[in-house]
Amino acid sequence: MANVTVIGTQWGDEGKGKIVDWLASRADIVVRFQGGHNAGHTLVVNDQVYKLSLLPSGLVGGKIGVIGNGVVVDPKALMSEIDRVTEQGLVVTPETLWIAETAPLILPVHGALDRARELARGNHKIGTTGRGIGPAYEDKVARRAIRICDLSEPETLDWKIDELLLHHNTLLAGLGAETFTKEEILAFLKEITPRLLPYACCAWDRLAEADRAGKRILFEGAQAVMLDVDHGTYPFVTSSNTVAAIAASGSGMSPKSVGFVLGIAKAYTTRVGEGPFPSELFDDVGQGMAERGREFGTVTGRPRRCGWFDAAMVRRAVRVGGVSGVALTKLDILDGMKEVSICVGYELDGQKIDNFPSAPGAQARVKPILETMPGWNETTGGARSWAELPAQAIKYVRRIEELIGTPVTLLSTSPEREDTILVTDPFEG
């Protein structure tokens with residue numbers, strides 16, 4: 001049996017929550033390996049709605065959840081999320097939730113700096129959620145992060161906080177924002193330590209033992225390839241790598257453990273916040289997609305921008321993300337449309353190009369090359385087999401497969417877990 005790694009292939013919000021939940025029912029352990037609480041998954045299970053940001057989706061199905069070392073953890077946000085799902089009937093204990101002791105913490109100073117920087121950017125905002133994820137990753141790379149394991153060593157915290165505030169207070173003062181005292185940070189850490197430390201463990205060691213024992217491990221990615229700090233639409237990206245290769249380093253496991261890489265893509269395209277979006281629709285068609293698809297950010301509540309499926313972008317994500325097969329979601333949102341279009345490439349300054357440009361100026365000027373085909377009047381919502389799909393919907397899916405260069409292995413036709421067409425079982429490799 002293979003492990004499975006799930007990543008987004010667009011700009012996030014592709015419906016990973018439902019797919020991960022569906023796969024988690026077949027897994028033993030579900031691992032978060034990058035990102036922070038700026039990503040969100042909405043799960044609908046037995047009419048109960050769960051909104052998760054940090055907790056691995058498998059916890060909803062009673063599986064072991066792991067927050068790996070590649071995740072930056074806001075301890076208050078995590079405890080608030082645990083309290084919320086506990087009220088909904090889930091059981092979250094140190095036996096069911098393992099948190100890597102080497103995971104860096106997001107502190108109040110990180111969020112303050114994140115927001116102050118975004119305000120200072122003026123017209124050049126990048127659309128950050130302001131939750132401190134970026135500054136926390138910066139601290140990790142600069143070797144001044146406070147990690148969960150540090151909470152057990154007061155003497156370590158003492159000098160680490162000094163170093164951290166020397167850096168951040170200088171920046172905050174320069175931006176005209178309020179600074180922090182050492183006592184404020186210590187009080188914050190003192191409050192969260194008793195609740196957080198019991199979950200801390202050598203997650204990599206436990207995962208290695210589980211892998212050797214033949215347990216099925218599902219790696220749950222956050223955001224998506226086009227938000228990857230190296231491969232996405234930089235600088236309008238997140239602060240971590242989101243490709244499947246990071247599942248190994250972000251959990252402490254061998255690269256061989258990544259297994260089958262399932263890329264998630266909507267049957268159209270959405271984006272939250274700032275940044276280029278070649279196939280974006282500004283008309284009633286785009287508005288209709290947003291309304292039918294209930295396109296609002298799980299975490300931020302911000303409305304999502306909507307547009308046609310960008311096959312050129314997903315093809316890039318397939319290649320750099322190491323995608324073995326694609327799960328196509330929300331096909332039912334296109335029901336009843338007279339025509340549907342696919343972005344098959346781009347035009348830049350009168351020249352046809354196949355790949356999205358890297359430079360911000362070129363990204364802003366690029367235009368989509370669209371291929372239009374007939375839509376379908378029949379409904380795809382709730383379909384659980386190819387035989388239940390309209391012929392034209394099948395043609396649309398097959399054309400997407402041709403353009404992105406990889407098969408559609410799962411097809412989701414509603415938010416319900418069972419409304420899924422399985423072509424190839426990812427766990428079978």
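The following paragraphs describe the domains, two helices, annotated sites and aromatic contacts of a predicted model.

The domain assignment divides the chain into three parts: domain 1 comprises residues 4-102 + 199-261, domain 2 comprises residues 108-197, and domain 3 comprises residues 265-422. Between the C-alpha centres of domain 1 and domain 2 the separation is 23 Å. To the contact between these two domains, domain 1 contributes 25 residues and domain 2 contributes 18 residues.

Helix H1 (16-24) is mostly covered, with nine of its nine residues buried. These buried positions include the charged residues Lys16, Lys18 and Asp21 as well as Ile19, Val20, Trp22 and Leu23. Gly17 and Ala24 of H1 are likewise buried.

In helix H7, which spans residues 203-212, the buried residues are Ala203, Leu207 and Ala210. These residues lie on the same side of H7, because they cover an arc of only 60 degrees around the axis. The packing partners of the buried residues of H7 are five strands: S2 (29-32), S5 (64-67), S6 (97-100), S7 (200-201) and S8 (217-220). Just beyond the end of H7, glycine 214 adopts a positive phi of about 85 degrees.

Two sets of positions carry the feature "binding site" in an unreviewed UniProt entry. One set listed by UniProt consists of Asp13 and Gly40. Aspartate 13 is located in the loop that runs between strand S1 (4-8) and helix H1. With a relative accessibility of 23%, aspartate 13 is classed as partly exposed. Apart from neighbours within four places in sequence, the contacts of aspartate 13 are with Lys266, Thr270, Val272 and Arg304. Arg304 also appears in the other set given by UniProt under "binding site" (unreviewed entry), together with Thr298, Val299, Thr300, Gly301, Arg302 and Pro303.

Within this second set, glycine 301 is found in the loop between helix H9 (284-292) and strand S11 (305-307). Proline 303 is also placed in the loop between H9 and S11. Glycine 301 has a relative accessible area of 42% and is therefore partly exposed, whereas proline 303, at 56%, is exposed. When residues up to four places away in sequence are not counted, proline 303 touches Glu295 and Phe296.

Across the whole structure, a search identifies three aromatic pairs. One of them joins tryptophan 376 and tyrosine 396 in a tilted arrangement, with 5.8 Å from centre to centre and 55 degrees between the planes. This pair links distant parts of the chain, since its members are 20 residues apart: tryptophan 376 belongs to the loop between strand S16 (367-374) and helix H12 (391-404), while tyrosine 396 belongs to helix H12 itself. Tryptophan 376 and tyrosine 396 are both buried.

Aromatic rings also face charged groups at two sites described here. The charged end of arginine 206 is positioned over the ring of tryptophan 98, at 5.1 Å from the ring centre. At the other site, the charged end of arginine 398 lies over the ring of tryptophan 386, and the distance to the ring centre is 4.6 Å.

Note on methods
Residues numbered from 1 in each chain as written. Predicted model: local features only at pLDDT ≥ 70, side-chain atom pairs only at ≥ 80, totals over all residues. Heavy atoms only, no water. Buried < 20%, exposed > 50% of the residue type's maximum accessible area, 1.4 Å probe, protein only. Helix = DSSP H or I, 4+ residues; strand = E, 2+ residues; numbered from the N terminus. Arc of directions from axis to C-beta. Contact = heavy atoms within 4.5 Å. UniProt positions renumbered as here; feature names shortened; annotations may be inferred. Phe/Tyr/Trp six-rings, centres within 6.5 Å; stacked < 30°, edge-to-face > 60°. Lys NZ or Arg CZ within 6 Å of the ring centre and 35° of its normal. Domains from an automatic or database assignment.
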